[in-house]
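Let's walk through how two chains meet in this model, starting with what goes into the numbers. Have the structure open while you read.

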Amino acid sequence: MSAVNKTLVVVVLILSLLGTACQDDQIRKAAAAANKITLTLEEIDGEKDSLLAKGKITKAQHAKLAGILLKVVKANNVFNEQVAEFKRQADAEKLTSFTPQMRDRLRELFNQVTAAFKELADDGVIPLPANIRQNLDVAILAVNGAFTVINGVLYVANNHP
Amino acid sequence: MSQTITPEEVSAIIDISIEAIDRLNRLLAKFAAQRGMTTDELIEDTRGRNQSLAEKLEAESKE
């Protein structure tokens, strides 16, 4: 990893954590993480289109990236809808954090998001030549920052109820 | 061991880095905008963006 990328990893992780530091409930953190993932997927989508417009990837590569990206979007959408459902439930029952059952379900769905995202990184981005994928690498690092936050909610919180 | 790179290569590396930092800045600005949103607004924003993105990608993946 280049020095620029190492710096970006640190910057993204710190800013991701700072960005959610004032959010005091787990449900909000989960909703914010899903939102960050979507915002980042939009950037990856924009970069994919930019690479095609510049002639740096073929139409076939562009379509392949679109297909893999779509899987991540769908998985993240399922996660977001579950967060929405639990938010309604939490409001009705006046909960400020997830129950263990809610966390288990969200972990299961979030694992599907991370698996789809890993496929995007491994099969979609890494096979591209290093000199054209730096912007995609940056976006992937940003998603990893959001993953760190949600892992804190779904895993660390479970150990300290 | 020494390596030599041409001025063109240096320029290309700088261009790529500037572009990457611009993209990162844009992303961080969007992240910052989250702070003023309620949880329900975040969920709704994610839902709307996911739907638009999914429709676009669905079409592109078939091209």
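Buried area is the accessible area, taken with a 1.4 Å probe, that two parts lose on being put together, summed over both. That's a handy place to start, because the size of an interface is often given as the accessible area lost when the parts come together. Keep in mind that this is a predicted model.

**The interface**

By that yardstick, chain A and chain B bury about 3700 Å² between them, and 58% of it sits on carbon and sulfur atoms. Chain A puts 46 residues into the contact, and chain B puts in 32 residues.

There's plenty of polar business here too. Between chain A and chain B the count is 10 salt bridges. One of them pairs B:R47 with A:E81, with the closest N and O atoms 2.6 Å apart. Across the interface, 18 residue pairs are in polar contact, both partners being at pLDDT 80 or more.

Which elements of chain A give two or more residues to the side that touches chain B? They are α1 (3–20), α2 (26–53), α3 and α5 (134–159). Of these, α2(A) brings the largest share, 18 residues. Sorted by class, that side of chain A has 19 nonpolar, 14 polar and 13 charged residues.

**Two helices to check**

A quick ruler test works on a helix from each chain, at 1.5 Å a residue:

| Helix | Residues | Expected span | C-alpha ends apart |
|---|---|---|---|
| α3 of chain A | 59–93 (35 residues) | 51 Å | 50 Å |
| α2 of chain B | 39–61 (23 residues) | 33 Å | 32 Å |

For α3(A), the distance between the end C-alpha atoms agrees with the expected span, and α2(B) agrees with its own expected span as well. Just after α3(A), A:K94 takes a positive phi of about 55°.

Now look at what α2(B) tucks away. Its buried residues are B:T39, B:L42, B:I43, B:T46, B:N50, B:L53, B:A54, B:L57 and B:E60. What do these buried residues pack against? They pack against α2 and α3 of chain A.

**A histidine to zoom in on**

A:H62 lies in helix α3 of chain A. Is A:H62 buried or exposed? Its relative accessibility is 4%, and buried means under 20%, so A:H62 counts as buried. Leaving aside residues up to four places away in sequence, A:H62 touches A:K48, A:D49, A:L52, A:I57 and B:E60. On the chain B side of that list, B:E60 is one of the buried residues of α2(B).

Terms used
Residues are numbered from 1 along each chain as its sequence is written. Chains are lettered from A and ligands numbered from 1 in the order in which they are written. This is a predicted model: local features need pLDDT of at least 70, side-chain atom pairs count only at pLDDT 80 or more; totals for chains, interfaces and linings use all residues. Side-chain values use heavy atoms; hydrogens and water are left out. Helices (H or I, at least four residues) and strands (E, at least two) are DSSP runs, numbered from the N terminus. The expected span of a helix is 1.5 Å times one less than its number of residues. Buried means under 20% relative accessible area, exposed over 50%, partly exposed in between (1.4 Å probe, protein chains only). Contact means heavy atoms within 4.5 Å. A salt bridge is a side-chain nitrogen of Lys or Arg within 4 Å of a carboxyl oxygen of Asp or Glu. A polar contact is a pair of N or O atoms within 3.5 Å; within protein, one must be able to donate a hydrogen and the other to accept it, and residues adjacent in sequence count only if both atoms are side-chain atoms. Ala, Val, Leu, Ile, Met, Phe, Trp, Tyr, Cys and Pro count as nonpolar, Asp, Glu, Lys and Arg as charged, and the others, Gly among them, as polar.
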